Amino acid sequence: TAWTQAVLYGEDQLCQRVAWALSQIFVVSRKGIPTPSHHWTTYYDNLVRGAFGNFRDLLKDVTYSAQMGMMLSHVNNSRARPAKRLFPDENYARELMQLFSLGLFELNVDGTSKLDENGSTIPSYTPEDIAELSRVMTGLSFDGEEAQFGGHRWQVDSHLPMIPFNWHHDKGEKVIVGGTVIPAGQDAPHDIEQALDSIFEHPNTGPFIARQLIQHLVTSNPEPEYVERVAEAFANDEQGTRGNMKHVIRTILTDPEAQEPANPDTFGKLKDPIIRLVSLDRMFPLKLAYPDEQSWPEGLHSYNFGSFDGAVQQIPLNAPSVFNFYSPFYSPKGDLSDNEIVTPAFQLFNMQTVIATSNFLFHSVQFNRSHSTDWHLEYHIDDEEQEILSFVPDYEDYLELADSPEDLVNRLDLVMCAGRMTANSRQLLDQRIGQIDHPEEEDERRYRRVGFAVWYITNLPEFSVEN
């Protein structure tokens, strides 16, 4: 409910879209980690703040997050005890470099891989770098009134950032990626600050993060020059500050490549399934199906996300692994991979999910007013009753156009496809809408026509692809 309220009705829509992108880079998942929902919204708040904050602060918030500590097992990560054959967990140290900052290979400022004298890519870190960084990430555990190292999430408040227990921290000298020496004798906070500073300043971090943000916000296959300009914006916001996310996002959205792409045929991206769903409700806000019989519970609004997750396997903070719902480098075999074109979101796009998503959206937007849609919820209206509230999309602004299929399609083309619907799609839809009739109820015919037209368009590339 908190997430849908923010993304549907919040006045910070760009911030919310960037936070959604960050949630697919700094991935935590509720799968297998059963903690209260408000603990996960606390993590998402870190991403909302980081969307227009500084990337260095975001790295710190993520590192100390109890949700990330559970996800990548650096909560209760203790210093080595060789005699007992116990050594620090390396999960977070590895993914901090691999997924959250540097990537696997050394990069040029334009995001292309550096090559050695043999023409091979150069690893950006080594197993030794992982082991050394894992020693830095020791001594953190849950906070709370009963906080103690080794505590469990059900004993404390895991929505709070983790805190250091320095007796369990490795105080020896460490040499981390890039040759940065962390001196012996420091406590956990000082070691972590120095390590994050080094990673933040690493030359890979700017281009690695720049490319992924461009992929989530603008196009899956950005030109190297585009990545370079954004990486340079990451390095310096023209005021001498590194990692200013406001400046980075402004550069991404106003770059010449975003406005006039050099290669229109490979420009753009497939919308995430959740973005397709949410955008529909922004276009056609839900309303009570029976306003004379029901009252809207103030401040409450949500989707039936369970059935949507079953259809497309994508709801917030519920990726199958730390590698997100899809890879930024995914390219299906065939013409696309042969031409080195990546299509990340298409990793969720297969015969099963195409049909399941279409069916879900059909039951959501093409409805008979005497029945509820899949968008319904059970709300406790008072302490004694539980009432099911039925919601339907608000088509009132379109009903008057339903008697003229051409006019209806023109309006929906503008609202849903930015006027990009092909002549063939337009002709087929005009014909099909004209065949929809209801001999007894004129209003019902109009509702059915609008609902069918909306559903039909949700299946078109012109709606599903942003370019």
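The following legends describe close-up views of a predicted model.

**View 1. Surroundings of S141 in strand β1.** S141 belongs to strand β1, which spans residues 140-141. The residue has a relative accessible area of 0% and is therefore buried, the limit for that class being under 20%. Beyond its neighbours within four places in sequence, S141 is in contact with V75, N76, Q148, F149, G150, G151, M162, I163 and F165. One of these residues, Q148, also places its backbone oxygen 3.5 Å from a polar atom of the S141 side chain. A separate relation in space links S141 with A66: the two C-alpha atoms are 7.9 Å apart, although 75 residues separate them in sequence.

**View 2. The ring pair F26 and F55.** The model holds 14 aromatic pairs. In the pair formed by F26 and F55, the ring centres are 5.8 Å apart and the planes meet at 45 degrees, so the arrangement is tilted. F26 is located in the loop between α2 (13-23) and α3 (37-51), whereas F55 is in helix α4 (residues 55-64); the pair therefore ties together parts that are 29 residues apart in sequence. F26 and F55 are both buried.

**View 3. The ring pair F55 and F234.** Here the ring of F55 is paired with that of F234, with centres 5.4 Å apart and planes at 70 degrees, so this pair is edge-to-face; the angle required for that class is over 60 degrees. Because F55 lies in helix α4 and F234 in helix α10 (residues 224-235), the pair ties together parts that are 179 residues apart in sequence. Both partners, F55 and F234, are buried.

**View 4. The aromatic cluster that includes F26, F55 and F234.** Which residues form one aromatic cluster with F55? The cluster consists of F26, F55, Y92, F100, F200 and F234. Among its members, F26 and F55 make the tilted pair of View 2, and F55 and F234 make the edge-to-face pair of View 3.

**View 5. A nonpolar surface patch that includes V354.** F349, M351, V354 and I355 make a nonpolar patch of about 390 Å² on the surface. One of these residues, V354, is found in helix α16, which covers residues 351-365. Is V354 buried, exposed or partly exposed? Its relative accessibility is 31%, so V354 counts as partly exposed; membership of a patch requires over 30%.

Notes
Residues numbered from 1 in each chain as written. Predicted model: local features only at pLDDT ≥ 70, side-chain atom pairs only at ≥ 80, totals over all residues. Heavy atoms only, no water. Patch = residues over 30% accessible without salt bridge, like charges linked within 9 Å, V, L, I, M, F, W, Y side chains within 5 Å. Areas by Shrake-Rupley, 256 points an atom, 1.4 Å probe, with all protein chains shown as cover. Salt bridge = Lys/Arg side-chain N within 4 Å of Asp/Glu carboxyl O. Helix = DSSP H or I, 4+ residues; strand = E, 2+ residues; numbered from the N terminus. Buried < 20%, exposed > 50% of the residue type's maximum accessible area, 1.4 Å probe, protein only. Contact = heavy atoms within 4.5 Å. Polar contact = N/O pair within 3.5 Å; in protein donor to acceptor, adjacent residues only side chain to side chain. Phe/Tyr/Trp six-rings, centres within 6.5 Å; stacked < 30°, edge-to-face > 60°.
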